[in-house]
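User: I am new to this structure and would like to know what stands behind the labels used for it. Please take them one at a time.

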Amino acid sequence: MADSGASLKVTPFQGVHASVAHDSALRHVTGTAIYVDDLPEPAGMLHVHLGMSTRAHARIAAMDLSAVRASPGVVLVLTADDIPGENDVSPVIHDDRLFAQGEVYCVGQSLFAVAATSIAAARAAAAKAVVEYEDLPAAITIDEAQALDLKIEASQRMARGDAEAAIAASPNRVRGRFAIGGQDHFYLEGQASLATPREEGDVHVWCSTQHPTEVQHLIARVLGRPDHAVTVEVRRMGGGFGGKETQASLFAAAAALVAFKTGRPAKCRPDRDEDMVMTGKRHDFEVAYDVGFDDEGRLEGIRLELSSRCGATTDLSPAINDRAMFHADNAYYLPAVEIVSHRYRTHTVSNTAFRGFGGPQGMAAIERVMDAVAQAAGLDPLEVRQRNLYGAHGEGASRNLTPYYQVVEDNVAPALIEDLARSCDYQARQQAVDAFNAANPILKKGLALTPVKFGVSFTTTHLNQAGALIHIYADGSIMLNHGGTEMGQGLYIKVAQVAAEAFQVPLDRVKITSTTTDKVPNTSATAASSGADLNGMAVLDAAGKLKGRLVAFAAQKWGVDPSQVAFTPEGVRIGGEMLSFPDFCRQAYLARISLSATGFYATPKIAYDRKTHRGRPFYYFAYGAACSEVVIDTLTGETKVLRADILHDVGRSLNPAIDLGQVEGGFIQGMGWLTTEELVYDAKGVLKTHAPSTYKIPTASDRPRVLNVALWEPGRNAEPTVHRSKAVGEPPLMLAISVFSAITRAVASVADHKVMPNLDAPATPEAVLMAVEDVRRRAADA
């Protein structure tokens, strides 16, 4: 008889709410994770390079590609005339061309594709193109577009109450303007697609995209083929941040078209400079505010005017600017409010989705208002913020109604902010900052605590859906597929935990597979912070169907009531008998029970009328708060973030380790947007910051010396989301607004807070230095 103490490898059960490592963590750090450009190159593969426009706005008078075609290694050159279907790779409005036709509308626009035996040959050939342009008037900046009245759509207005009358009747009033810069996604893995031809004109495409279904649809549109002729597959991305929601389609369609035309595999992977020039960014904004408030800093009326640079085509700008309007209240009740949004068309690359999707710009606007009101009223900014928060649940709709008429039913901001202010010792540190500034004429400190309230759901209602597919094999192992994509955020491991929890099996028994359009169709982008919400619930639906079948089978075979069948970590309990999950699945297979099921989920309770800008666009809100302390050098403008304390609400976390990582990463990325990442276009529309040498993302040395991050322990979701969790992808980015507010406070301290700094974002050393000099000058003139 075998020794009962013999060691057996037993994998502990790790379902939801457990801190489990990212499924690819080891592969990430050892360099063995496979991305599109790591895939073995098929025999005969062609390399695709896109020729680009050098003009911001011009008519193409002539384009001679004869030298390109004759160049060594070139197999094929494609222009708009070679497209069998529609020359369009846009997500909504049909205004993004794969190749320019007749006119170019930005520097970097795709003109033609060269397919060659090497990427070096393709690039060398493309350089031989002779393009003659007739320049047309170009609008590069928001001001230039405004002067020409160029818009991608009519300006939008969201309002509740009579803001103008309320402002006029207020005892105090403050007006101001400031600018918010854009941001490049700077994902570690650039855009990349590998297309392989199949029989009958079909094509399979490995693509680094957040939206496989959209890439599938657009490739099919370009090829003039039905959607079922195109399969798009994604195992992982090396970052996305919104930059691979719509922008991947151009490169994927170019590769697919070459494969379709030649019958040979084709890969399109621009280098970093090309990627930055050709792809859209976060929208830069200009904000004007007019605010009325009482002597205690409570807002009585506010008018916000938001103007954004959308770029040359529509892309997702309508929805992005809508979300900026939705989040222009952040966590604050605005008694009478008018928000007007102008969406300007410029002759620059079309701006696109970026983590927060317009929400950060709206929040930055209202947080600047809070700082301006506090400065004008001579009050501590945190006091002003707390006095203007939405009311706690149960206080009635008088302080719970948003500008778009959704009632805030889950407000935890007041309690969360109090907890953070207490744990980070805000009051004592504010006094210490004031004392430091009084004693130091050169270095100045600033401290700010700002909240986040972020609506979770796609504001385009039909996108709030997801599908899933679960196979249980006869040995009890589980294959899991869903429409969500993995870009490093930990979605795959979270959804795998949901499946493991449902069947009470070890996590290593659940296989995570590539997202592919031939398994789960018609999915939405992994965006809007809804990846785990949507796909987790779809997996629960599929698991519920399978468990229902298995319970019915067990009850019949073993002659017990269904209530006596239970899935446990030890196995499946059937009455008084216990079977291992593998043995039970084998029994079900032999009994011809289907062990495969699809699942589906559509977010309930949401509806929105865009014509009136009223409704309930969000299923729930995610909350957080951050307190940041900075120091600036008034002689150079250099800034250091000394400390940040963050408390974030993720409901009942599906995976605390993953969620903490998302909070930390989001904060640092937001800090980069507001302090160092500057996009510079010259007067001709050429992006000058198109490489790591000229565009500065945060590095390890920019991390706050002290960074305290915690998930809010009382957190839970009032709505029945997947295991009562909350989204965590986008909301943490806005925590970094506390850094920008702290820098603003530090600049204001130069003149003892007598004047409000004219500080734009990003607060680069140059911007901080100019703001310091401006504050000194205005204070002297006052």
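Analyst: pLDDT is the predictor's confidence in each residue, from 0 to 100. The model is predicted, and its chain has a mean pLDDT of 96, with 98% of residues at 70 or more. Over residues 1-10, pLDDT stays under 50. That stretch has 0 contacts beyond four places in sequence, a contact being heavy atoms within 4.5 Å.

User: Why is Q191 called buried?

Analyst: Buried means under 20% relative accessible area. Q191 has 0%, so Q191 counts as buried. Q191 sits in the loop between β8 (172-180) and β9 (193-197). Leaving aside residues up to four places away in sequence, Q191 touches residues including S208, K244, F251 and D275.

User: What makes the approach of the Q191 side chain to the backbone oxygen of G243 a polar contact?

Analyst: The distance is 3.0 Å, and the cut-off for such a pair of N or O atoms is within 3.5 Å.

User: How do you know whether N522 and H753 are buried, partly exposed or exposed?

Analyst: Exposed means over 50%, and partly exposed lies between 20% and that value. N522 has 52%, so N522 is exposed. H753 has 23%, so H753 is partly exposed.

User: What is notable about phi in N522 and H753?

Analyst: Most residues other than glycine have a negative phi. N522, not a glycine, has a positive phi of about 55°, and phi of H753 is near 60°, also positive. N522 lies in the loop between β20 (515-516) and α15 (531-558), whereas H753 lies in the loop between α18 and α19.

Methods. Residues are numbered from 1 along each chain as its sequence is written. This is a predicted model: local features need pLDDT of at least 70, side-chain atom pairs count only at pLDDT 80 or more; totals for chains, interfaces and linings use all residues. Side-chain values use heavy atoms; hydrogens and water are left out. Helices (H or I, at least four residues) and strands (E, at least two) are DSSP runs, numbered from the N terminus. Buried means under 20% relative accessible area, exposed over 50%, partly exposed in between (1.4 Å probe, protein chains only). A polar contact is a pair of N or O atoms within 3.5 Å; within protein, one must be able to donate a hydrogen and the other to accept it, and residues adjacent in sequence count only if both atoms are side-chain atoms.
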